Amino acid sequence: MSHSPFPDSSAARLPRTLDPARVQRIESDAEALAAAHCLAAEFAPGASQRDRERRLPWDELDRWSESGLGGITVPRAYGGADVSYATLAEVFVILCAADPALGQIPQNHFGVLGVLREVGSEEQKRRFYGEVLTGRRLGNAGPERGSKTILHGTTRLTRTPEGLRLTGRRFYSTGALFAHRIPARALDDEGRAVQVWVPRDAPGVAVIDDWSSFGQRITASGSVVFDAVPIDEDDILPIWQLADRPGLFGPGSQIIQAAIDQGIAQAAVADAVAFVRERARPWVDSGLEHAADDPYIIQDVGRLQIDLHAAHEVLLETGRAFDEIATQPVTAESSARASVAVAEAKVLTTQIALEASEKLFELAGSSATRAQHNLGRHWRNARTHTLHDPVRWKAHLIGNYHLNGILPPRHSWN
């Protein structure tokens, strides 16, 4: 039975197992970008309706899987394209400019692949990368509600006479509803943090579509319940090892978050420009024939384009910095540089996403607020997604690094 507050809940539905023969194998950065542009052209026309009706994008995600984009960060040694961080960020920008909620859904897919790269065994890498290259999607059982911080929780992996069992309840689980595996953080019997790659159809797994935010509505980022789920020993990653090992798994996750905000901003600016050109009326005192000739509107659009371009360039520059860092063994200092770089990108993409989605209405006028246009989705999406982690702490991280030489803490939010 559905627990969703919406009538079209798909909580009981399981993702389709795709025919591997239909899944493309992307082999280069150029192919990844081309696939993203192709999907964006398909996804953009239905974005407003999906948001308005909260129609979950099952078919669109199958198209995403078939495109081969799910495998673009798989190392070449395992059959993937191993695209650059800059390309990964741009893929998210392209898709999120078309539909930021649909575009956000794979964020954890790539986040957990980054963890696999850092601490997975050879056997785990061969098996999990192989699954991904056949179109299987990865979600995430997110932080627990009501815990002291996002890193605290009560989810436990316990050894019983019947074998390993996983028990707990998680929330903010973007992608879990649509995933074939749901990696989840838990503590083992020794109190160590582990990541358990739980099959979506395992007995005792329940994904509840209870996401009711006003923004990013179709991400289905709701609850996952594990009720004594039987776990295979080979499906456990020892993420406790990451605490003392510098890496790029945290910054890699963050660059995706910044790219999502950049996509939201680009969509808002594009819709503002189109509305002013096609629908907005000039102010009565301006003496102008067209709103697009208003010098104040022209100036504001110019300012938006500057800020949009600046954020995008810093985002791509961050990706290129990651790519350079990854060519050498990652040290505490280089990992910190990556965290600082992506924090700068996150500050700028947050600011432009909020600025553009708000400025849209000032430029376009009161008619832009009509429900039929659904332009409010840009601000709702920006405001919701930019709360993923507080941007004030990004500025603090940057200042503390440059002023006091303090290296940022290592986790998925830095």
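1. R54 is buried in this predicted model, because its relative accessibility is 0% and the cut-off for counting as buried is under 20%. Along the chain, R54 belongs to the loop between α2 (47–53) and α3. A polar atom of the R54 side chain lies 2.9 Å from the backbone oxygen of R217, and this is the pair of atoms to look for when R54 is selected in the viewer.

2. H109 can be examined in the same manner, beginning with its place in helix α6, which covers residues 107–119. Since its relative accessible area is 1%, H109 is buried as well. The side chain of H109 has a polar atom 3.1 Å from the backbone nitrogen of L138. When its neighbours within four places in sequence are left aside, H109 is in contact with W64, G70, V132, R136, R137 and L138, so that L138 appears in the list of contacts and also supplies the backbone nitrogen just described.

3. The next topic is enclosed space. How many cavities of 30 Å³ or more does a search of the whole structure find? The search finds 4, and the largest of these cavities has a volume of about 90 Å³. It is lined by 15 residues, and those closest to its centre are S65, G68, G70, G71 and V132. Two elements, α3 (58–67) and α7 (122–133), give two or more residues each to this lining. Sorted by class, the lining of the largest cavity holds 7 polar, 5 nonpolar and 3 charged residues.

4. The second largest cavity, with a volume of about 50 Å³, brings us back to H109, which is one of its lining residues. The others in this lining are L61, W64, I105, P106, R137, L138, G175, F178 and A179. Among them, W64, R137 and L138 were already named as contacts of H109. By class, the lining of the second largest cavity divides into 7 nonpolar residues, 2 polar and 1 charged.

5. Pockets should be considered separately from cavities, and the second largest pocket has a volume of about 540 Å³. Its lining is made of 25 residues, and D82, Y85, G114, R117 and L248 are the ones that lie nearest its centre. Which helix gives the most to this lining? The answer is α6, with 6 residues, while α4 (85–98), α6 and α8 (249–278) each supply at least two. The residues lining this pocket comprise 12 nonpolar, 9 polar and 4 charged.

6. Helix α4 also has a partner in helix α9 (residues 295–325), for the axes of the two come within 7 Å and cross at roughly 145°. On the α4 side the residues that meet α9 are Y85, A86, A89, E90 and V93, and on the α9 side they are H312, L315, L316, G319, R320, F322 and D323. The residues of this contact divide into 7 nonpolar, 2 polar and 3 charged. Y85 deserves a second look, as it takes part in this contact and is also one of the residues nearest the centre of the second largest pocket.

7. The last point concerns G376, which is placed in helix α11 (residues 376–385). Is G376 buried, partly exposed or exposed? At 25% relative accessibility it counts as partly exposed, because that class lies between the cut-offs of 20% and 50%. G376 and Y401 are 25 residues apart along the chain, and their C-alpha atoms are separated by 37 Å.

Conventions. Residues are numbered from 1 along each chain as its sequence is written. This is a predicted model: local features need pLDDT of at least 70, side-chain atom pairs count only at pLDDT 80 or more; totals for chains, interfaces and linings use all residues. Side-chain values use heavy atoms; hydrogens and water are left out. Helices (H or I, at least four residues) and strands (E, at least two) are DSSP runs, numbered from the N terminus. Buried means under 20% relative accessible area, exposed over 50%, partly exposed in between (1.4 Å probe, protein chains only). A polar contact is a pair of N or O atoms within 3.5 Å; within protein, one must be able to donate a hydrogen and the other to accept it, and residues adjacent in sequence count only if both atoms are side-chain atoms. Contact means heavy atoms within 4.5 Å. On a 1 Å grid over the protein atoms alone, a cavity is a set of points where a 1.4 Å probe fits but cannot get out, and a pocket is an open set with protein on both sides within 12 Å along at least five of seven lines; lining residues have an atom within 4 Å of a point. Grid points are joined across faces, edges and corners, and a volume is the space filled by probe spheres set on the points. Ala, Val, Leu, Ile, Met, Phe, Trp, Tyr, Cys and Pro count as nonpolar, Asp, Glu, Lys and Arg as charged, and the others, Gly among them, as polar. Axes are lines fitted to C-alpha atoms, for helices over the stretch in contact, and angles run from 0 to 180 degrees between N-to-C directions.
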